[in-house]
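Here is a short report on one protein model. Take a look at the fold before reading on.

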Amino acid sequence: MQVEFSAIEVPGEANPLTEGILFHVLRSAASTDPQQIQTGTKQLQEWEKQKSFYPLLQSVFLDKSLPLEVRYLAIIQLKNGIDKYWRKTATNAVGREDKATIRSRLLQSGVNEADQRLALQNALVIAKIVRFEFPNDWPDLFQQLLQILRSSTEPSAYSLHLPRTLLILLHIVKELSTGRLIKSRQNLQTVTPETLNVLGRIYVSKVQRWQTFFRDGGDDEGGAIEDIENSLLTIKTLRRLIIAGYDFPSREKDVQEFWTLTRTHFGEFLTYVLQEDSPLASSVRILIERHLMQLSKFHLNMAQTHPAGFVLLPSSLDLVRDYWSLVSKLGEAWGSKTLDGATIGTDGDSEDEAPILERLGLKGLLIVRACVKMVFYPTQTFRYRQPQEKEEKNRATQIVKSDLLTNNVVREMISALVTRFFVFRASDLRMWEEEPDEWEKMEEGGEDWEFAIRPCAEKLFLDLAKNFKDLILQPLLQVFYTVATPDNEDVLFKDSVYTAVGLAADILHDKLDFDSFITTTLVPEAQKQKPGYNIIRRRIAIIISQWIAIKVAKDKKPIVYQIFQHLMDKNDPLNDQVVRVTAGRKFKDVADEWEFNADNFMPYAPLTLERLMALVQEVELPETKMALLNTISVIVERLEHHITPYANSIISLLPPLWEQSGEEHLMKQAILTILSRLTNAMKAESRSFHVSFLPIIQSAIEPGSETQVYLLEDALDLWSSIIAQTPSAPEPIPPELLNLLQYLLPLFSMDNETLRKALEITEAYLLLSPASVLADDFRPALLSALAELLGSLKPDANGMVTHLMECVIRGAEGFGGEQAVKVLVADLISTSFLAKVLEGLHGAWQHHQSHGPYREMPSRAVDGVVETDYFTVLARIGLASPVVLLEALQSMGGNDVEKTLDWLLEEWFSHIENIGDAPNKKLMCLVLTRFLETRQGWVLGRLQSLMTVWTDVLTELLDGCDDRSADCLHWPPEPLPTETRDPEAPEDIRKRELIYSDPVHRLNLVSFVREHLQQAIQAVGGEAQFQEEWLSRVDKDVLKGFAELGIM
């Protein structure tokens, strides 16, 4: 091992991989010198793909003469390498020989490792390898482990072997039981019975030994502590093994016996830790408490994972009752009885870890909730269930209903939850005083209810209230009426009852006059100036937010707004930060409810917004700032244009928050959302702010932006809002807004949602400033990008591309008439857009020519709605100028345009009957009718097809019309805008103008067909000539059907 240290300074590729040099590189990487760490780490990265690297790492780890930190880094490197390179399909995967070498030394190195940290990392390495290797490449693993376990319990065995083997087995079971692949669990199930047998004996033996020592005493105190540590490791493994190792654990005799034993042990262990003046040392007491927690986790996991099995195991309902007794015992001392002792500097300090009774009580609540869930909210599964499994489930459900959740027990539970666990403890009130922001955030977080007593009690109460409605309504209302008066000043109990009434709002809504409660009780209580009434004020904000969407009359809403306004008043000494922040958070629900009326709220808006904005600046936690911003954001959205007077104040609040947020992208997203809502609410009045918002958008959308991944979606929403609210000409459009156009096209190559938004923004620009989108410096690139997308997307996204192209064609026509359309179509040809359209349609035509069961779609053929979309592009060109469309077809199909028209018109006419929406049918009908203007034989020769289309489309469009001189899609000119109270978004005006100017709505198909037909008749020399030359070819039934329309 005596190698020169300087060896590692040679460039990485020059260093040969030997155990000696590896040691020095590891020592370098584990040093405190940054330069050595960087050099060593780089060399390790170079080697990690080389043969023999991982066996050599293991050799360094096994060499106990080396420094601890080097061995530790070696095993960490090995562990990380397994994740990256052990899988057979991985690039640079570890070779078969290297794997065999490593595997052969794993178990012995693990059971003989003296250092706990190293032993743990080695156990993790073994577990990760087992996930890949067992049972195929390591079939005898469990036999080896069980053999070591058996021998390590012999009197002459080395004492380290048992805990180390148990540690290895624990992590193997953890790995196999939590694997996402069903195969992993199935592999574990094959070895579960034998493993359970061996571990069960060890567990029973060790517990008996340390219990005997507790009872009888003796000299071997160290041995007793070893026994406790070993039994703890064993129960950790056993609880996971039984849950994951059996599909139906309640059917197994060994599991039934072990289950009975766990209940006995639970009671015995509890006595050790709960007895007063316990002689046990604190370290021993902690170990026994950990045993209790493992047993309670076992019971809870069984109830959640195998609910029917849990009920059918011996004495399970008695076990649940035992847990409820613990919960009741915990409840006796849970809540504060008075407000005394709840201030800063008094009792109520919380320990680092909750007392054992509290932790077990939480598990008890979760177990009861699992039983309720099993009966009323059973887990649904697609897996086939055998009759026996169904029968067990039904039997278990019935047992819980009839024997556990009896009326008396449910009443007792509800009473305990409301009167004990909803009440604040001294430690809660003390933290309220000391750290109001942290406490308020903790109380608001609803996702971690499984880890705290009060949120868990609220969930259980709600489950019971919903499913035992008739049982709890009257008792709850009775207790409510006793406390719901301003005269009752038992603040803590009142708060707990209000909590229950708020949670049960949708159950009590038709039994409780909440409107009367607001005026007679909440209004006076919100104004009471007595100690402790800050607790009631906070609860008032919460209970109103829970009831507002369920049952609060319209005439009571102004009172609600005044209450919240009052609760956010900093000048009132009882409105501490918790009260004001809670009111600020909960006003979101008030503003967001379905029947919110902006006019009703307007008198209270100035002061409410002022206090909310002051609160945003006052609080320090980013999460709280975001929650309050969210409330302001909802108010902005609900007030719409009424928000305009407060816009400056809101916007001035945001730049400092943006700066303070740093890398906190959630805050930036919230700010972008509020800017979008503000822009949309203010309509055109927001334009004075637009230019100041644009740099934020640019920073998120420009290629290579670091914030793009976090902020792109919200930036696009804001961008879209700004365009929508920018007035059209003659008002000037900010050049900064038009400058952002260049960043649109790179977005087309991103994910579908971004593409959809980018296409919508492009269309919005086209409506706002067609000259900018159709300019020579942007149009060709846009058309190329659209041509690239065409045909490569799903039908709905493809439809957005063709719809945008329709808008571009219409924009060109409106901007520069036929000449502009001609230039545009030339670009469509040069970018291959038109070629793709025709290729798809030709493929469809070819497909429709072939018949039989084995016909295949040509590769680029289109069908259904995509074919309709392709034809709409041609229709828009042809409707703008038939000449331009025909010239385009001629330039693309050679000089023989009639050959192209033969297949194209045949497919076009046959496809019309497959079009579902009437506007597109009329569009096709209009353009095909315009072809008569050419007076060419290729169109007159298809007079029968034309008449069929006219008859079908007009019959549909005239159906139900009293006036048969105009089709139902023909709209009169848009009426002049009348003075409306509410302003309109400029983009809505532009979109309405676009619809009203569409030929589909501007042209009357009845007169359009009549005029074109008359012109065609005159062009060929009159009716007689037309009859002889063209009309005579039309089928008599087709002619008769068309004649009935009365057009000719």
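## Fold, surface and aromatic pairs

Buried residues account for 52% of the 1048 residues in the protein chain. The model is predicted.

The protein chain holds 51 helices and zero strands. Its radius of gyration is 39 Å, well over the 31 Å from the globule rule for 1048 residues, so the chain is more spread out than a compact globule. The C-alpha trace spans about 130 × 85 × 65 Å along its principal axes. Of the contacts with a separation of 6 or more, 75% join residues 24 or more positions apart.

Now the surface and the charges. The accessible surface of the protein chain is about 47800 Å². Carbon and sulfur atoms contribute 49% of that surface. The chain carries 107 positive and 147 negative side chains. The centres of these two sets lie 5 Å apart.

Next, the aromatic rings. The count of aromatic pairs is 39. In one pair, the rings of Trp259 and Phe298 have centres 5.4 Å apart and planes at 70°; planes over 60 degrees apart count as edge-to-face, so this pair is edge-to-face. The two residues are 39 residues apart and link distant parts of the chain. The table gives the helix and the burial of each partner.

| Residue | Helix | Relative accessible area | State |
|---|---|---|---|
| Trp259 | H11 (residues 253–274) | 1% | buried |
| Phe298 | H12 (residues 282–305) | 0% | buried |

Which residues form one aromatic cluster? They are Phe480, Tyr481, Tyr498, Phe514, Phe517 and Trp547.

Definitions and conventions
Residues numbered from 1 in each chain as written. Predicted model: local features only at pLDDT ≥ 70, side-chain atom pairs only at ≥ 80, totals over all residues. Heavy atoms only, no water. Helix = DSSP H or I, 4+ residues; strand = E, 2+ residues; numbered from the N terminus. Rg over C-alpha atoms; globule rule 2.2 N^0.38 Å. Buried < 20%, exposed > 50% of the residue type's maximum accessible area, 1.4 Å probe, protein only. Contact = heavy atoms within 4.5 Å. Areas by Shrake-Rupley, 256 points an atom, 1.4 Å probe, with all protein chains shown as cover. Lys, Arg positive; Asp, Glu negative; His and termini not counted. Charge placed at Lys NZ, Arg CZ, Asp CG, Glu CD. Phe/Tyr/Trp six-rings, centres within 6.5 Å; stacked < 30°, edge-to-face > 60°.
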